[in-house]
Amino acid sequence: MVVVAGCSSTVSGTARRAQLGVPDPNRSYGYVDDRCGLLLDASIQETLSAEHVVRPYSGAVCQYVLTRGETTPNVGAGAPQVIDVTFSWFETGSLDRERALATERGATITETDVERHKAFLARRDTTGAACSATAAAGTGVLSWWVQFRGSSGGGDPCQDAEKLLSATLRSDL
Amino acid sequence: MAARTCLSSLLAAAAASTILAACGSSGQSAAPTTSVPAPGPGFRSGDCNGITDADITAAAGAAVFTKAVVSDAGCFWQENSMFGTVGAGMGISTWWYRGSDMDTERSLEQKAGRKLTELSLDGNKGFKAYDGNACSIYVAKGGDVITWSIQTLNPATLRDLCTITEQLAQLSQERVN
């Protein structure tokens with residue numbers, strides 16, 4: 001239930017790194033209370049500095065379409081930047097399987113740590129400049145993917161994906 | 001050392017074990033080692049779960065949908081009727097859940113008020129969920145699920161929505177097993 005929100009933990013002494021496991025082995029990041037990855041749509045919109053957000057698909061995978069900048073066809077104004085975002089929560093998935101798949105599909109992989117979780121960034125441009133930030137968490141693996149649709153420059157999608165991942169992982173402490 | 005403060009201390013002992021689990025207490029024992037059968041292998045799939053733009057055109061008509069997302073989670077073709085932000089996100093999508101329970105999606109679709117029908121594709125069990133503006137197909141294999149969905153504001157201008165997703169799901173299943 002929602003009791004989890006009432007928990008807090010104060011750590012004293014030397015910080016321990018969860019090298020072997022994850023710091024949140026019992027945590028679920030599933031779709032609940034109209035939130036994907038524990039985040040409200042408004043938080044995603046704010047994190048990406050977007051003016052508009054819709055979530056056409058929700059479940060273990062959530063899909064968002066956001067727009068940043070001018071949203072009405074206007075004289076002199078540039079076309080709005082469409083930003084596509086997907087969130088995935090695979091409760092029985094693994095970081096290794098996700099990394100192997102991203103590698104096989106030709107992404108540039110950067111290993112990292114996000115909020116004490118083992119993670120990687122995978123940059124692969126297909127229908128735009130795009131990047132996923134994926135972390136081992138709870139019983140499985142979760143990932144945020146950000147794309148600047150149809151764009152090849154301007155902004156770093158990895159940075160935005162990592163921001164969202166960090167926001168999700170932070171919200172459990 | 002970690003000092004934990006938790007609402008559980010204020011709650012009845014009967015509820016304590018549940019609450020502790022939710023707090024991620026390390027006092028709980030590890031996952032049971034009983035003989036729960038491990039799921040078999042899941043799908044082996046490429047981008048867009050094996051479906052091309054030509055397949056989308058064949059199933060849904062020409063110049064109606066444009067590919068907008070290709071990610072490791074799946075793909076999305078935006079319906080071309082989008083104007084400004086109206087219609088954003090309407091279109092055809094496919095996702096590959098690498099380690100997820102299909103029943104979770106089933107209960108979400110039920111809650112959304114869609115009609116559900118069980119089905120089987122290429123030897124894998126699944127279901128479809130539909131209403132006047134959407135039709136989704138879910139198919140499970142091992143611990144994986146692959147979905148095909150269409151959502152539109154203009155159902156009257158398209159073929160029967162479930163006919164479109166059934167065709168795509170069938171074709172996709174022939175390529176990911």
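Where is P39(B) found? I looked this up in the predicted model and placed P39(B) in the loop that joins α1 (13-22) to α2 of chain B.

**Entry on P39(B).** I then asked how exposed this proline is. P39(B) counts as partly exposed because 13 C-beta neighbours lie inside 10 Å, whereas a buried residue would need 20 or more and an exposed one 12 or fewer. Leaving out residues up to four places away in sequence, I found that P39(B) touches G142(B) and G143(B). I also checked V139(B): it is 100 residues from P39(B) in sequence, and the two C-alpha atoms are 15 Å apart in space.

**Entry on helix α2 of chain B.** I turned next to α2(B), which spans residues 53-60, and noted I56(B), A59(B) and A60(B) as buried. These residues lie on the same side of α2(B), because they cover an arc of only 75° around the axis. I recorded what covers them: the elements include β2 (65-70), β3 (74-79), β4 (91-98) and α4 (161-176) of chain B. Just after the helix, G61(B) adopts a positive phi of about 100°.

**Entry on the nonpolar core.** Which residues have the most contacts inside the largest nonpolar core? I found W144(A), A161(A) and L165(A) in a core of 87 residues. Strand β7 (residues 128-137) of chain A supplies the largest share of this core, 7 residues. I followed L165(A) further: apart from its neighbours within four places in sequence, it is in contact with V114(A), A119(A), A133(A), A135(A) and W144(A). As general background, I noted that nonpolar side chains tend to be buried together in soluble globular proteins.

Notes: Residues are numbered from 1 along each chain as its sequence is written. Chains are lettered from A and ligands numbered from 1 in the order in which they are written. This is a predicted model: local features need pLDDT of at least 70, side-chain atom pairs count only at pLDDT 80 or more; totals for chains, interfaces and linings use all residues. Helices (H or I, at least four residues) and strands (E, at least two) are DSSP runs, numbered from the N terminus. The arc is that of the directions from the helix axis to the C-beta atoms. Two residues are in contact if their C-beta atoms, placed from the backbone, lie within 7 Å. A nonpolar core is a set of buried Ala, Val, Leu, Ile, Met, Phe, Trp, Tyr and Cys residues joined through C-beta atoms within 7 Å.
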